[in-house]
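I opened the model and kept short notes on what I looked up. The entries follow the order in which I checked things.

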Amino acid sequence: MATINASPSTTVEKPSAADLKEYLDPEDPDAGLSDEEREEIDRALVRKLDWKLIPWLCLLYLVSFLDRTNIGNAKIEGLVADLGMTQTQYNASLTIFFVSYAVFEPVSNILLKRMRPRIYIPVIMLAWGLT
């Protein structure tokens with residue numbers, strides 16, 4: 001360390017760059033690695049996360065798609081006749097369902113990011129029950 005004279009009676013030691021780096025970031029696992037090595041570690045981490053997450057996300061997407069197409073399957077199986085609906089009433093209900101779904105899904109995702117799931121899920125269940 002270098003010394004700095006703050007006043008004639010006191011001397012302050014100036015920390016070296018290595019001391020500052022250790023002080024500011026004491027547990028950097030990538031310390032001393034080159035940029036290429038860090039990029040390779042990042043690519044390996046993303047690849048590992050992809051292999052863990054993508055299959056589950058694909059399954060969730062499939063289930064979501066099947067859930068949204070069930071109303072079409074219900075119509076084929078006689079939903080309109082069983083409920084005594086006209087074609088216009090069925091189309092209106094379908095429009096209301098999909099428009100509200102498209103409006104509230106992004107809002108729901110934003111709220112989920114802002115709230116914890118242990119709070120968010122009971123709140124939407126309660127709201128669904130009250131409506």
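**Helix α2**

I began with a bend: α2 turns by about 35° at T69. The model is a predicted one, and I read every value below as computed from it.

Next I checked the length of α2. Its 42 residues should span 62 Å at 1.5 Å a residue. I found the end C-alpha atoms 59 Å apart, which agrees.

I then looked just past the helix. G78 follows α2, and its phi is positive, near 105°.

**The salt bridge**

How many salt bridges does the structure hold? I noted one. It joins the side chains of R43 and E40, with 2.8 Å from N to O. As a general point, side chains of opposite charge can pair when their charged atoms come close.

Why are R43 and E40 about one helical turn apart? I see that they lie three residues apart in helix α2, which covers residues 35–76, so about one turn separates them. In general, an α-helix has 3.6 residues a turn, so residues three or four places apart point the same way.

I also looked up how open the two partners are. R43 has a relative accessible area of 44% and is partly exposed. E40 is at 37% and also counts as partly exposed.

**L79 and its contacts**

I moved on to helix α3, residues 79–83, where L79 is placed. Is L79 buried or partly exposed? Its relative accessibility is 23%, and buried means under 20%, so L79 counts as partly exposed.

I set aside the neighbours of L79 within four places in sequence and found contacts with A74 and Y90. L79 and Y90 are eleven residues apart along the chain, and their C-alpha atoms are separated by 9.1 Å.

**Helix α4 and the nonpolar patch**

I compared the length of α4 with what is expected. α4 has 28 residues and reaches 41 Å from its first C-alpha to its last, close to the expected 40 Å. I also noted a bend of about 25° at F104 in α4, with a proline, P106, following within four residues.

F104 turned up again when I looked at the surface. It belongs to a nonpolar patch of about 940 Å², whose other members include V99, V103, V107, L111 and M115. I121, V123 and M125 are among the members as well.

Which helices each supply at least two residues of the patch? I wrote down α4 (87–114) and α5 (117–130).

I picked V103 for a check, and it is in helix α4. V103 has a relative accessible area of 46%, so I list it as partly exposed.

**The whole protein**

Last, I took the overall counts. The secondary structure comes to five helices and two strands. Along the sequence I read the pattern β-β-α-α-α-α-α.

How much of the protein counts as buried? I noted 4% of the 131 residues. The protein exposes about 11,600 Å², and carbon and sulfur atoms supply 65% of that area.

I ended with the contacts between residues at least 6 apart in sequence. Of these, 8% join residues at least 24 apart.

Terms used:
Residues are numbered from 1 along each chain as its sequence is written. This is a predicted model: local features need pLDDT of at least 70, side-chain atom pairs count only at pLDDT 80 or more; totals for chains, interfaces and linings use all residues. Side-chain values use heavy atoms; hydrogens and water are left out. Patches are made of residues with over 30% relative accessible area and no salt bridge: like charges are joined within 9 Å, nonpolar side chains (Val, Leu, Ile, Met, Phe, Trp, Tyr) within 5 Å. Accessible areas come from the Shrake-Rupley method with a 1.4 Å probe; for residues, only the protein chains shown count as cover. A salt bridge is a side-chain nitrogen of Lys or Arg within 4 Å of a carboxyl oxygen of Asp or Glu. Buried means under 20% relative accessible area, exposed over 50%, partly exposed in between (1.4 Å probe, protein chains only). The expected span of a helix is 1.5 Å times one less than its number of residues. The bend at a residue is the angle between axes fitted to the seven residues ending there and the seven starting there. Contact means heavy atoms within 4.5 Å.
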